[in-house]
Amino acid sequence: MASGISLYTALPCRTQFAALGGFLLPVLLREAVEQERGRVEDLEDQDDELREEEPAILCRACSHIITAGDQQIEVAGSHRHTFFNPVGIVYELGCFARAPGCSLAGESSAEFSWFAGYLWRIALCGQCGIHLGWRFQSAEISFYGLILSHLQSGGK
Ligand SMILES: [Zn+2]
């Protein structure tokens, strides 16, 4: 676990999740989770370079290039999602297909996932290590849910 991030504050919120009603992740068999973990590890090195002509999106703390404007995607019908964690902190996340500037921390987990059917890992700035969000992985796709207030536009 990276310094400065407790497991507690990094966990998506069970209450908020339950409040979504009918959105609860089906209980996954342990074998299925383990199998999924193997697949997640396989995909982890697939992030490659961003296209230079795209406006960069930077870590607000250190200006490291995290992702780019053309990586913004919609998940469940929206680019932006708002969630609460168990201590009531609001996270406004933006969804990005790739974020090569992030490094991942911790084991992938299916617990309390904000997005049904996805495992998540913590995503940190690859340069300064600040917590930037989570990488979500399903059997089909992966994407990053990044905390928008921790990012800034690089202009260009
Ligand atoms: Zn940074």
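1. Start with one facing pair. Leu58 stands opposite Gln152 in E9. The model is predicted, and this pair is a good place to enter its strands.

2. The pair belongs to a longer match. Strand E1, residues 56–59, and strand E9 are joined by three bridges. Their pairing is antiparallel.

3. What is the strand order in the open sheet formed by three strands? The order is E2-E1-E9. The pairing in this sheet is antiparallel.

4. Look next at the edges of this sheet. Strand E2 (65–68) and strand E9 (151–153) each have a single partner strand, so one side of each is left without a neighbour in the sheet. On average, neighbouring strands here are turned by 35 degrees against each other, direction ignored.

5. Now the other sheet. Six strands make up this open sheet. Read across, the order is E3-E4-E8-E7-E6-E5. Here too the pairing is antiparallel.

6. Which strands stand at the edges of the six-strand sheet? They are strand E3 (80–84) and strand E5 (102–109). Each has a single partner strand, so one side of each lacks a neighbour in the sheet. Neighbouring strands of this sheet are turned by 30 degrees against each other on average, with direction ignored.

7. One pairing in the six-strand sheet can be followed by residue. Strand E4 covers residues 90–96 and strand E8 covers residues 142–147. How many bridges join E4 to E8? There are four, and the two strands run antiparallel. Gly94 stands opposite Leu146 in E8.

Notes: Residues are numbered from 1 along each chain as its sequence is written. This is a predicted model: local features need pLDDT of at least 70, side-chain atom pairs count only at pLDDT 80 or more; totals for chains, interfaces and linings use all residues. Two strands pair if DSSP finds at least two bridges between them. Axes are lines fitted to C-alpha atoms, for helices over the stretch in contact, and angles run from 0 to 180 degrees between N-to-C directions.
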